[in-house]
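Biologist: Could you walk me through this two-chain model, one question at a time? I would like the cut-offs spelled out as we go.

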Amino acid sequence: MSEPNSETLDFRWIAENTCDWESWIGLGGRPIWISPSVERVTGHTVAECLAMPDYPLPLVAHLHRPEVREVLRQGLAGWCGNDLPLHILHKNGTGVPAALSWMPHRDAANAVIGMRLSVRDLTGSVRSGDAWRYGRALAWLVRGAPKEESLSKRLRAITETAAATLGISRVGIWLFEEDGAVLACADLYDRSTGEHSAGTRIARTDYPVYFETLDTERAIDAHAATTDSRTTGLAETYLIPFNIGAMLDTPIVRSGKSVGVLCHEHIGTPRHWTPEEVGFASSLADLVAMAMETAENRRLEAQRTQARAELQRMNAELEARVVDRTAKLREANQQLEAFAYSVAHDLKAPLRGIDGYSKLLLEDYRADLPEEAQRFLDNIRLAAGRMNQLIEDLLAYSRLERRELSSGRVALSNLVMSALAELAPARNETLPQMRVELNDLAVRADPEALLQAIRNLIDNAIKFSRDTERPAIAIRAEAKAEGGADWVLFSVADNGCGFDEKYQDRIFEIFQRLHRSEDYPGTGIGLAIVRKVVERMGGRAWAHSRPGVGATFYLELPS
Amino acid sequence: MNANRFILLVEDNSMDVELTLRAFAKMGLTTPVKVARDGEEAVEWIAAWETGREPLPLVMLLDLKLPKVNGLEVLRQVKAKPSLCGVPVVVLTSSEEDRDLRAAYGLGANSYLVKPANFDKLMYLVTQIEAYWCVHNKSPDWL
């Protein structure tokens with residue numbers, strides 16, 4: 001650009017250096033002078049322009065040519081005007097938004113000798129204006145969407161916004177079906193009628209080039225759809241019947257996979273898509289993808305909610321069943337309790353009779369009873385006594401089953417002392433020597449139940465030491481840590497007759513006895529009670545023994 | 001001793017009645033023992049006491065499981081009536097159940113004894129009962 005010379009400062013310099021593209025047209029309609037900036041705006045050189053027939057019409061978008069012809073006529077007739085919006089066709093095919101202004105040239109006598117055309121390139125302002133408009137449209141779509149909007153409503157909002165914002169007549173959302181073999185129309189908006197439709201299907205096999213382009217390109221901006229190599233395959237069946245001049249197709253992508261295409265169709269004439277329009281269309285396609293994602297999420301959420309409700313219902317049902325079964329169990333327990341109670345009562349009454357009358361016989365009729373008869377009566381009384389003991393033991397065992405065990409800190413010394421205090425020596429016997437070493441230990445237990453167990457162990461130790469010369473019983477307790485918890489090992493050791501260790505487990509079972517009842521009286525429940533008590537507290541019971549030497553019974557109790 | 005004072009045994013089981021009477025006799029206890037065979041008879045005695053037709057007993061030995069009117073009901077009636085609540089009632093039953101114990105004491109029983117299965121123990125028991133309620137803690141004759 002040469003420096004302006006104050007003497008040569010004239011319109012020519014201004015014209016040559018202006019950003020606008022200026023043309024001077026002569027009366028014959030032929031260009032006399034064209035500013036060099038034409039090349040920047042249109043891509044054509046000045047020489048090419050001067051050689052054009054009908055200049056400047058070949059450079060004007062078809063849509064605007066009639067208007068421009070009128071402008072030329074008016075200008076040469078002496079009228080002026082400005083800011084006629086139009087699109088200029090760039091040599092590379094894009095459309096350049098511009099504003100046309102014109103005024104006549106007059107000579108000194110005010111006669112029209114020509115006209116001047118000024119074209120202002122609006123790309124900058126239009127583009128920023130467009131960008132603002134597109135941004136606003138996208139923001140409205142994103143923010144304005146009601147929370148629970150259905151997918152179909154959303155798609156319609158998108159197609160309508162696309163049509164209105166880009167100023168096009170047809171917008172369609174097409175989605176792939178059958179694994180990409182078919183494109184089915186989910187929504188087609190026709191701006192001229194304001195109606196939505198759906199359902200049309202096109203097959204990949206019928207339009208291979210178009211489908212392949214969709215797979216590979218980011219967007220198809222076909223400004224002349226019928227002739228564009230990517231879309232020309234659609235001409236016969238689709239473009240021409242619907243008079244589609246230009247297409248802007250942006251793929252709809254979800255998780256990196258193409259699931260469809262958003263089609264913008266301009267009716268009638270070709271149309272150049274600006275980069276901003278292509279960007280806007282891509283954003284719209286993204287919104288479609290998001291809408292589908294949201295709809296999918298909502299569906300999954302509904303499924304999840306339903307599954308959760310189902311789970312809750314099943315839980316409630318199970319709970320109800322548990323409550324019902326517990327109630328039934330409690331009822332059964334109560335019935336058992338009532339049964340045990342009445343059985344015990346009913347069994348004990350006749351036993352009183354047996355014992356009482358046999359005793360009366362022995363006492364009041366002693367003189368009349370031979371020795372053998374007396375012995376028979378003694379046996380009767382023994383049998384009755386044993387039966388009574390059995391009933392007592394059974395009652396005790398069942399009471400244990402039924403009762404809820406409490407759990408508290410119990411000092412072993414208290415229980416052992418209680419049990420020892422209850423021991424009354426039988427008539428011709430002395431108690432064995434007792435050694436007690438409890439180390440002040442306490443356990444977590446039900447005191448009554450544990451007392452019964454200890455009582456039974458001590459009773460057994462005494463009973464089976466009856467024939468030992470110097471019976472001695474040792475009661476011990478020591479702390480033990482095992483498996484991350486603290487235990488107390490309680491033991492009752494005697495030097496009585498002992499037992500074969502191979503029966504170690506059997507002796508704890510109910511009614512299992514290792515001796516005949518005449519040798520060692522007992523009902524076989526004592527140890528069963530011991531094991532039950534200890535197990536219910538979370539502990540263990542076992543025994544070691546050597547026949548003829550003695551036996552030691554162990555209880556492992558939680559501390 | 002006032003010849004009118006006696007022990008009332010309320011018991012339905014005839015074997016238990018005979019054994020108890022025999023136990024009293026064998027121990028040489030002199031207080032007379034009268035018998036009511038079921039709850040209804042016991043209630044008749046209560047009515048007789050209330051109207052003054054019969055003198056109050058020194059002690060009532062009461063079984064719980066009685067036909068017609070059960071033992072607890074008899075106990076309740078005796079202890080509820082102001083003129084009779086001073087009569088000592090010793091519940092004599094075969095039940096060792098907690099709930100019977102609590103029910104009896106709840107209604108005001110003076111004592112709860114379990115019928116022994118063994119006749120020797122029964123003899124010992126009746127001796128104690130007679131000693132306590134008919135001698136050492138005998139209620140005054142004017143009661």
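Biologist: How many residues does each chain bring to the contact between chain A and chain B?

Modeller: This is a predicted model, so local features need pLDDT of at least 70, side-chain atom pairs count only at pLDDT 80 or more, and totals for chains, interfaces and linings use all residues. Residues are numbered from 1 along each chain as its sequence is written, chains are lettered from A and ligands numbered from 1 in the order in which they are written, and side-chain values use heavy atoms, with hydrogens and water left out. Contact means heavy atoms within 4.5 Å. With that rule, the contact takes 20 residues from chain A and 21 residues from chain B.

Biologist: Which three residues supply the most of the area that chain A buries against chain B?

Modeller: Buried area is the accessible area (1.4 Å probe) that two parts lose on being put together, summed over both. Between chain A and chain B the area is about 1900 Å², and carbon and sulfur atoms give 49% of that. On the chain A side, 34% comes from three residues, more than from any other three: A:Tyr341, A:Arg352 and A:Tyr357.

Biologist: How many salt bridges are there between chain A and chain B?

Modeller: A salt bridge is a side-chain nitrogen of Lys or Arg within 4 Å of a carboxyl oxygen of Asp or Glu. One example is B:Asp120 with A:Lys359, whose closest N and O atoms are 3.0 Å apart. Over all chains the structure holds 46 salt bridges, and the count between chain A and chain B is six.

Biologist: Which helix gives the most to the side of chain A that touches chain B?

Modeller: Helices (H or I, at least four residues) and strands (E, at least two) are DSSP runs, numbered from the N terminus. On that side of chain A, α9 (275-364) and α10 (371-402) each supply at least two residues. The helix that gives the most, with 15 residues, is α9(A).

Biologist: Are α6(A) and α9(A) roughly parallel or antiparallel to each other?

Modeller: Axes are lines fitted to C-alpha atoms, for helices over the stretch in contact, and angles run from 0 to 180 degrees between N-to-C directions. Angles under 35 degrees count as roughly parallel, over 145 as roughly antiparallel, 65 to 115 as roughly perpendicular and the rest as oblique. Helix α6 (residues 151-166) of chain A packs with α9(A) at about 170°, the axes being 10 Å apart. The two helices are therefore roughly antiparallel.

Biologist: And what is the relation of α2(B) to α3(B)?

Modeller: Helix α2 (residues 39-51) and helix α3 (residues 71-80) of chain B pack at an angle of about 10°, with axes 10 Å apart. These two are therefore roughly parallel.

Biologist: Which strands does the salt bridge of A:Arg116 and A:Glu22 link?

Modeller: The side chains of A:Arg116 and A:Glu22 meet at 2.8 Å, N to O. The pair links distant parts of the chain, 94 residues apart: strand β5 (residues 112-121) and strand β1 (residues 21-26) of chain A.

Biologist: Which two residues does a cis peptide bond join?

Modeller: Look at the loop between α3 (46-51) and α4 (65-77) of chain A, where A:Pro56 lies. A:Asp54 is found in that loop too, and A:Asp54 has a positive phi of about 60° although it is not a glycine. The cis bond, with omega about 5°, joins A:Tyr55 and A:Pro56.
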